[in-house]
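Q: I'm new to this one, so could you give me a close look at a single part: the charged side chains that pair up, and one that doesn't? Please take it slowly and link the pieces together.

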Amino acid sequence: MPAIRHASKRKAPPEGFSDIEDDLLIFSNKMKDAENASTNNVPKHKVHWPIFQISHQRSRYVYELYYEKEAISKQLYDWLLKNGYADAMLIAKWKKTGYEKVCLRGNRKQERDDSWNVN
C-alpha cells in the first residue's frame with residue numbers, strides 16, 4: 001500500500017509562485033464554475049468542452065510563461081507540472097516544430113468562417 005502524503009510534509013512552492021498564484025487561482029475558479037455548471041439542454045458531446053478549454057488555457061499560460069516570456073524558473077515550471085497546474089503531454093505537443101503552422105491554419109479557417117457569418 002502506498003504511503004499517505006500529509007499536507008505538513010509537502011514542499012513549499014518555489015520562488016516566483018506568488019507572482020502567478022492569482023492567475024492560477026482565477027483558472028481554478030473558472031474550472032469550478034465549469035464543473036458545477038448546469039448540463040441541462042446541452043448535447044452530450046458538448047458537456048466537457050468548457051472544462052477542456054479551461055485546462056488548455058491554463059496549460060498554455062504556463063507554457064508561455066516558461067518558453068516564450070521566460071518569466072518563471074525551471075524549478076517553478078517543473079513544480080507546476082508535477083502538481084497538476086499544467087498538462088505536460090499537451091505542452092510537449094506545443095514544443096514540436098510545425099505546431100505553429102497547424103494553429104495558423106486553424107485560425108485562418110476560423111477568420112474566413114467568421115467573415116461569412118458561418119458558425
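A: One bit of vocabulary before we zoom in: a residue is buried if its relative accessible area is under 20%, exposed if it is over 50%, and partly exposed in between. Bear in mind, too, that what you're looking at is a predicted model.

Let's get our bearings. The protein chain has five helices and zero strands, so reading from the N terminus you pass through α-α-α-α-α. It is 119 residues long, and 19% of them count as buried. Take the contacts in the chain with a separation of 6 or more: 61% of these link residues that sit 24 or more positions apart.

Now for the charges. In general, side chains of opposite charge can pair when their charged atoms come close. Here, three salt bridges turn up in the structure.

Start with Arg-60. Its partner Glu-64 is joined to it by a salt bridge whose closest N and O atoms are 3.4 Å apart. You'll find the two in helix 2, which covers residues 49-68, and they are four residues apart, or about one turn of the helix. How open are they? Arg-60 has a relative accessibility of 24%, so it counts as partly exposed. Glu-64 comes out at 26%, so it is partly exposed as well.

Arg-60 also has a salt bridge with Glu-68, at 3.5 Å from N to O. Glu-68 is partly exposed too, because its relative accessibility is 47%.

The remaining pair is Lys-74 with Asp-78, whose side chains meet in a salt bridge at 3.3 Å, N to O. Lys-74 is partly exposed at 42% relative accessible area, and Asp-78 is partly exposed at 34%. This pair belongs to helix 3 (residues 74-82), and again the spacing is four residues, about one turn of the helix. Back on the Arg-60 side, shared partners tie Arg-60, Glu-64 and Glu-68 into one salt-bridge network.

So what about the charge without a pair? For that, look at how helix 2 meets its neighbour. Helix 1 (residues 17-36) packs against helix 2 at an angle of about 170°, and the axes are 9 Å apart. Angles over 145 degrees count as roughly antiparallel, so helix 1 is roughly antiparallel to helix 2. Among the residues making this contact are Leu-24, Phe-27, Met-31 and Glu-35 of helix 1, and Ile-54, Arg-58, Tyr-61 and Leu-65 of helix 2. Sorted by class, the contact between these helices holds 10 nonpolar, two polar and four charged residues.

Pick out Arg-58 from that group; it sits in helix 2. Arg-58 is buried, yet it has no salt bridge. The nearest side chain of opposite charge is Glu-35, 7.9 Å away. A salt bridge needs the nitrogen and the carboxyl oxygen within 4 Å.

What does Arg-58 touch, then? Leaving out residues up to four places away in sequence, Arg-58 touches Leu-24, Phe-27, Met-31, Gly-84 and Tyr-85.

Put side by side, Arg-60 is partly exposed and has salt bridges with Glu-64 and Glu-68, whereas Arg-58 is buried and has none.

Methods
Residues numbered from 1 in each chain as written. Predicted model: local features only at pLDDT ≥ 70, side-chain atom pairs only at ≥ 80, totals over all residues. Heavy atoms only, no water. Buried < 20%, exposed > 50% of the residue type's maximum accessible area, 1.4 Å probe, protein only. Axes fitted to C-alpha atoms, helices over the stretch in contact; angles between N-to-C directions. Parallel < 35°, antiparallel > 145°, perpendicular 65-115°, else oblique. Contact = heavy atoms within 4.5 Å. Nonpolar A, V, L, I, M, F, W, Y, C, P; charged D, E, K, R; others polar. Lys, Arg positive; Asp, Glu negative; His and termini not counted.
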